[in-house]
Structure formats: structure tokens, C-alpha cells
Amino acid sequence: MDEDRPLVAQTTDRFLTERCSADDWRRVVGSADGWSRENWREMAELGWLGVCLPETVGGLGCAIEERMAVMETLGRGLVLEPYLSTAVLGAELVMAAGSTGQRKSLLPALAQGELVLAFAGAEPGARFELADIGCSATPHVGGWHLSGRKIAVLDAPLADQLIVLARTSGKRPEPAGLSLFLVNPQAPGVVLRAYPTVDHRRCADIDFSDVQLPSAALLGAPDQAFECVGHALDHAMVAACAEAVGAMSELVKATI
């Protein structure tokens, strides 16, 4: 371990050595959940889940470089916990789109490891076009009705809440008219078809059939989600690149 590295990087190195051996990885893969809640609790205690969140909501208030150091280590250990989905993508979506009250409610629970999030954005045929959204949410008395289909939702089978991108006005593929909703994956009308990815993470395709949501399910303001989602996805891509660097470094080491 390089003592000149940032403290968070040294901590993640120690975690990798102690908790991410080949035997540990196989044990986690073979577990009923496919991830380790013990590891998740330790990540929360070490502050990793809120590494870039403000201290006012229980975060460490660090810069993006510290989160990249965490992601690089997780890549070296092929760690299966839903860090990218929750601590990066979920956290950035709540920070960017959520109201003050929603941030105060959701982010401390996220930082403490009590809230796992998954972003449901991609749809069949959209081909990575962010605004090509057909999933719709229509207002009704006291809330919303949500209908549509999402595919390849990373960590959806593990999530306490889904963050669903839906169209509340306009037509696909217009950027205007998109909104975010918090949806309980166990709610009536939500059907998950779960499957493992090639790296043993958990993923799901999801159908929403006239899911009834309360008004409070709307994350932030209606029709304003496009830029917030783009911001969060930029952070997620940077984090995924750092994770890939960690995985490649282990491959180089093994090859040599």
C-alpha cells in the first residue's frame, strides 16, 4: 500500500486485502442475495456511500477523485455490492433533481447504508438515446399513474426504491417533459424479471402496469429531469471508467 495515496484510497486498499479474496468473492456470488450486506454496512461505516455527499446529510464532502479511488478498488476486487447504482448514480440523481426535503430525507439513509437505489432509464428500441422515453406518468387526484417498460436496470433486484425516468409531457424523443419518480419495486403493477450479468451482478427488465404513485413519489419538479439525468450519468461514466481501470490493473498483474 502506497502511503502517499489519499487516505480514502489507503482505506479501500485495506478493504480489498481483507474482504475481497477469491474465496470471499465466490461466497458472495453463491449467496442467496448475490451480494454481501456485511460488506455494505462496512462501506457505510467507512463513509464510502456518502463520499461525495455534503456533510450536512451525513456525507464526507470529498471531491470526485476520492470516489474514483473507491471505484478503482471495487474494480480490482470485482466487488458485487450496488455501489455504482446507489452511491454514484442514485446519489447524484437525488442531489441534482430532489427537493430540499427529499435530499434531507433520502441522502442520510443512503449514506448510512439503509437505502439501495436503482435507476430505471433505458427502454427497448431507444438505443441509448436518453430522451427517447415512452414510459409515461399521468396525473390523477392525489398522485400519478405510471405505465411502461424498462430494460437492463442494474441492481434493480437489490433496490429498496427505483428511480424511474418517465414522460409527463411532450413526445419522444423530446428532452422536455421528462420527470423522475421514486417507485417501490414491490408495489402493485410492478413486475421484475431478474437475471445475472456476465460479471455476476444483478439486473432486471421491469414492466409498470398502471402503477399508482402518491404525489410525493415525484422526485423534484415535473418535466425537468433531462439535464439532471445527464449530469448523473456523466458521474456514473467517470466512476465506471475508474472501476474498469481497477479491473484492468488486476488483469495486467495476473498476466505478468
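Visitor: How many charged residues are in the lining of the second largest cavity?
Guide: The lining of the second largest cavity has 5 nonpolar residues (Ala, Val, Leu, Ile, Met, Phe, Trp, Tyr, Cys and Pro) and no polar ones (neither nonpolar nor charged, Gly among them). The model is predicted, with local features needing pLDDT of at least 70 and side-chain atom pairs 80 or more, while totals for chains, interfaces and linings use all residues. Residues are numbered from 1 along each chain, and side-chain values use heavy atoms, without hydrogens or water. The charged class (Asp, Glu, Lys and Arg) has 3.

Visitor: Which residues line the second largest cavity?
Guide: A cavity is a set of 1 Å grid points where a 1.4 Å probe fits but cannot get out, and lining residues have an atom within 4 Å of a point. The second largest cavity is lined by M71, L74, V79, E81, Y83, L84, R201 and E243.

Visitor: How many residues in the lining of the largest cavity are nonpolar?
Guide: The largest cavity is lined by R19, C20, D24, W25, V28, N39, G77, L78, V79, L80 and E81. Of these, 3 are charged and 2 polar, and the nonpolar ones number 6.

Visitor: What kind of aromatic pair do F15 and W48 form?
Guide: Rings of Phe, Tyr and Trp (its six-membered ring) pair with centres within 6.5 Å; planes under 30 degrees apart are stacked, over 60 edge-to-face, the rest tilted. The structure holds 3 such pairs. For F15 and W48 the centres lie 5.0 Å apart and the planes make 75 degrees, which is edge-to-face.

Visitor: Why does F15 count as buried?
Guide: Buried means under 20% relative accessible area (1.4 Å probe, protein chains only). W48 is buried because its relative accessibility is 1%. F15 is buried because its relative accessibility is 2%.

Definitions and conventions: 1 Å grid on protein atoms, 1.4 Å probe; cavity = no way out; pocket = protein on both sides within 12 Å on 5 of 7 lines; lining within 4 Å. Buried < 20%, exposed > 50% of the residue type's maximum accessible area, 1.4 Å probe, protein only.
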